[in-house]
Amino acid sequence: AEADTVEGGIAVDRAAGKTENSGWRSLFMLCSCVSIAIIIGLGAALGSAKGKSSQSELALPSPQEAVTKKPTDSPSVAPTTSPEDFTFCYEGDESLVLDDARYSSLRSELVASGVSTGNDFATNMSYQRKSLCWLAYGDRLNVAVSDPFIEQRYILATIYYGLNEPQSLIEQGWLSGKSECQWMPLVECDARTLSTVTRLDLHGHDFVSPLPKEMNNLKEMTYLDLSMNALSEDIMNTVGTWVHLEKLILSSNMFTSIPTNLDSLPSLTYLDMSVNEMEGTIPESLASLSGLTFLDISTNEFSQTIPTFFGDLTSLESLYLHGNDLTGAMPSEICSLRDIELENLSVDCRPPGPEVSCTPDCCTTCNFYDTDKNPFSGGR
């Protein structure tokens, strides 16, 4: 019986051993299957990546194929996009770009409107050709030819290209890829439509005469500031048809005379021509500007006596005559304006040696603009 018990225990241990061995065997087989699956998956992935890499290598050009040909001096056709450099358009013969639809359409539109002529555009390096080329190829806004304000945008381009291409204009937003009405503060448009240019502030850009004739077509202008430049020629060929012009600032230039035919500007109320090179007698043409409220011709070289016609300018509020070589006495006709609208009147009247005699109840200041100080005291 005892032997049977031992044998029974041995049998049980053997059975348990077999069961345990069978479990380990199953686990081993499962792990082997998983490992094989992983290896197969990695192999497939590596094979696919290698295939793509081989295809990419096949797609790469050889170094010899990657070298492009040297570009020609001028393109055979106009470019389809706006390049940064469009000198090809105006340095060579115009025939190089006349076949381009955009260039020729813009050209036809501007000639038909009378803004510029065909001869203007046919001339190599002319400011008109440069302005048209910018509009056709360099303008990032890429305005449609049919845009009703295309002439206006072209005219503003002629100001840049016609006045020695000052970098100061570009730095302040001129010719930017925005609507010209957003070239502020240099340009302002009418408050109602925000589309028509009415004000130009162009002071301090070292402009040299003449102004571009195309500016004459800015018919709605009310304000023009050209101070602190080097202009010397009569500007009336440019602004003479601006019937809405109210304020004209031409101070600190090199003008030697008052512009001609100022009476063609019926809306003019403000004229500043101080700090120029005008000499001789004060011209009687100023007498026709009956609507003036402000006139400054100080710091020039006007001589002789002050004309009495200023007394006819009954709308005057400020009249500055100091810094000249005027003599005599302030006419009573001008002094009488102090009882109407005239608030500021200056002349070289400071003692002990005044060039022009003027009483304190007439002149408000002597030799300068400061009306806060006693004009007849000894110091400024």
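Biologist: Why is the contact between Asp-120 and Lys-213 called a salt bridge?
Modeller: A salt bridge needs a side-chain nitrogen of Lys or Arg within 4 Å of a carboxyl oxygen of Asp or Glu. Here the N to O distance is 3.2 Å, so the pair counts. This is a predicted model: local features need pLDDT of at least 70, side-chain atom pairs count only at pLDDT 80 or more, and totals for chains, interfaces and linings use all residues. Residues are numbered from 1 along each chain as its sequence is written, and side-chain values use heavy atoms, with hydrogens and water left out.

Biologist: What makes the pair Asp-120 and Lys-213 a tie between separate parts?
Modeller: Asp-120 lies in helix α6 (residues 118-122) and Lys-213 in the loop between β2 (197-201) and β3 (223-225), so the bridge joins parts 93 residues apart in sequence. Helices (H or I, at least four residues) and strands (E, at least two) are DSSP runs, numbered from the N terminus. Asp-120 and Lys-213 also share a network of salt bridges with Glu-214.

Biologist: How do you know whether Asp-120 is buried or exposed?
Modeller: Buried means under 20% relative accessible area, exposed over 50%, partly exposed in between (1.4 Å probe, protein chains only). Asp-120 has 14%, so Asp-120 is buried. Lys-213, at 41%, is partly exposed.

Biologist: What makes Lys-130 and Glu-165 a salt bridge?
Modeller: Their N to O distance is 2.9 Å, so the cut-off is met. Lys-130 sits in helix α7 (residues 127-138) and Glu-165 in the loop between α8 (150-162) and α9 (167-171), 35 residues apart. Lys-130 is buried at 12%, while Glu-165 is partly exposed at 29%.

Biologist: And why is Arg-153 called buried?
Modeller: Its relative accessible area is 1%, so Arg-153 is buried. Its salt-bridge partner is Glu-180, with the closest N and O atoms 2.9 Å apart. Glu-180 is buried too, at 6%. In total, the structure holds 7 salt bridges.

Biologist: What makes Glu-277, Glu-279, Glu-301, Asp-325 and Glu-355 a patch of negative charge?
Modeller: Asp and Glu count as negative, Lys and Arg as positive, and His and the chain ends are not counted. A patch takes residues with over 30% relative accessible area and no salt bridge, joining like charges within 9 Å. For Glu the place of the charge is CD, for Asp CG. Glu-301, in strand β8 (residues 301-305), has 40%, so Glu-301 passes the area cut-off.
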